[in-house]
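Please look through the sequence and the structure below. The report that follows goes through selected parts of the fold under short headings.

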Amino acid sequence: MSVRRWAALGAIVVAVGSIAALLGFGLTHDPNVVPAALVGRQAPAFDLATVDGSQRVQLDTLRGEVVIVNFWASWCLACRTEQPALADTFNRYRDRGVVLVGISFQDSAVDARAYASSSGITWPLLNDPGSRTGLAYGVTGLPETYFIGPGGRVDHKEAGPVTTQLVDREVRRLQPEAAG
C-alpha cells in the first residue's frame with residue numbers, strides 16, 4: 001500500500017474513533033438531568049390569572065412564605081401521578097405559610113380548566129399565555145416543581161413527579177415550623 005492510502009486509512013480510523021468516543025460519552029449522560037440554573041437565585045416574578053379568570057396571583061405578594069410552583073399540563077400523564085401528593089400538600093400546608101400554585105405550560109386555559117374541574121383540583125392553577133413564565137423558569141419537561149424560600153430565592157428544583165415525602169423534606173428545610 002502506498003503512503004497516501006495508509007494516511008487516508010489512518011485519517012478514517014481517527015475520525016471513526018473520535019465519533020465513537022463522542023457518542024459513547026454522550027450516552028453516559030442522562031438527557032433528562034438538566035442543571036437547575038435558578039437554584040440559589042431570585043425566582044422570576046410572575047403576575048398570572050387563574051385558569052378560570054377569577055383572580056390574579058403575583059409572586060411578589062407571597063414573599064415571606066414558602067412557595068411551591070408546579071409546572072404542569074392537562075395532557076401530561078406524569079403530572080397526573082403527582083396529583084395526590086400535591087392535593088395532600090395543599091390541604092396540609094395551606095394555612096401554615098406554604099403556598100402551592102400550579103402553572104399550566106404549553107396548554108390552553110380551556111383544557112386546563114376542564115382538567116382541574118374533572119380532577120377536583122382546589123389549589124390555584126394559573127394560565128401562562130405563551131408559556132412565558134415557564135420559559136423564564138427554564139422548564140424543559142413536565143412536571144417540574146420549584147421550591148421558593150420565604151426570601152424569594154429558588155431553593156430546589158424537582159424534575160418529574162413530586163412525592164409527599166419530597167415535599168415534606170423541602171418544606172421542613174425551608175420553614176421548619178410549617179412542617180411541625
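## S104 and its surroundings

Setting aside neighbours within four places in sequence, S104 is in contact with W72, A112, L126, N127 and D128. The model described here is a predicted one. S104 belongs to strand 4. With a relative accessible area of 1%, S104 is buried, because buried means under 20%.

Two of these contacts return below: A112 is one of the buried residues of helix 3, and L126 is the bridge partner of I103 in strand 5.

## Strand 4

Strand 4 (98–104) is mostly covered, with seven of its seven residues buried. Both of its faces are covered. V98, L100, G102 and S104 are buried on one side, and V99, V101 and I103 are buried on the other.

The chain reaches strand 4 from strand 3 by way of helix 2, and this β-α-β crossover is right-handed. A right-handed β-α-β unit is also made by strand 4, helix 3 and strand 5.

## The sheet

Five strands make up an open sheet of mixed pairing, in the order 5-4-3-6-7. Strand 5 and strand 7 (154–159) are at the edges with a single partner strand each, so one side of each has no neighbour in the sheet. Helix 2 packs on this sheet and touches strand 3, strand 4 and strand 6 (144–148). The direction of helix 2 makes about 160° with that of strand 3.

Strand 3 and strand 4 run parallel and are joined by seven bridges. Along this pair, V66 stands opposite V98, and N70 stands opposite G102. Strand 4 also pairs with strand 5 in the parallel sense, over two bridges. Here I103 has L126 of strand 5 as its bridge partner.

## Helix 3

Helix 3 covers residues 109–119, and its buried residues are A112, Y115 and A116. Viewed down the helix axis, these buried residues fall within an arc of 100°, so they line one face of helix 3. An α-helix has 3.6 residues a turn, so residues three or four places apart point the same way. On the other side of helix 3, V110, S117 and S118 are exposed.

Which elements cover the buried residues of helix 3? The cover includes strand 3 (66–72), helix 2 (77–93), strand 4 (98–104) and strand 5 (125–126). Just after helix 3, G120 has a positive phi of about 70°.

## The disulfide

How many disulfides does a search of the whole structure find? The search finds one. This disulfide joins C76 to C79, with an S to S distance of 2.3 Å. The angle about the S-S bond is 85°, and the link of C76 and C79 is right-handed. Both C76 and C79 are buried.

## L48 in strand 1

L48 is found in strand 1 (residues 47–49). Its relative accessibility is 8%, so L48 counts as buried. Setting aside neighbours within four places in sequence, L48 is in contact with Q55, R56, V57, I103, L126, N127, D128, P129 and T133. Among these, L126, N127 and D128 are also in contact with S104.

L48 and L59 are 11 residues apart along the chain, and their C-alpha atoms are separated by 9.0 Å.

## Backbone details in the loops

Two residues other than glycine have a positive phi and lie in loops. Q106, in the loop between strand 4 and helix 3, has a phi near 50°. S131, in the loop between strand 5 and helix 4, has a phi near 55°. Are Q106 and S131 buried or exposed? Q106 is exposed, with a relative accessible area of 51%, whereas S131 counts as buried at 6% relative accessibility.

The loop between helix 4 (132–137) and strand 6 holds P143. A cis peptide bond joins L142 and P143, with omega about -10°.

Technical notes. Residues are numbered from 1 along each chain as its sequence is written. This is a predicted model: local features need pLDDT of at least 70, side-chain atom pairs count only at pLDDT 80 or more; totals for chains, interfaces and linings use all residues. Side-chain values use heavy atoms; hydrogens and water are left out. Buried means under 20% relative accessible area, exposed over 50%, partly exposed in between (1.4 Å probe, protein chains only). Helices (H or I, at least four residues) and strands (E, at least two) are DSSP runs, numbered from the N terminus. The arc is that of the directions from the helix axis to the C-beta atoms. Contact means heavy atoms within 4.5 Å. A disulfide is a pair of cysteine sulfur atoms within 2.5 Å. Two strands pair if DSSP finds at least two bridges between them. Axes are lines fitted to C-alpha atoms, for helices over the stretch in contact, and angles run from 0 to 180 degrees between N-to-C directions. A crossover is right-handed if, with the strands pointing away from the viewer, the path from the first strand over the helix to the second runs clockwise.
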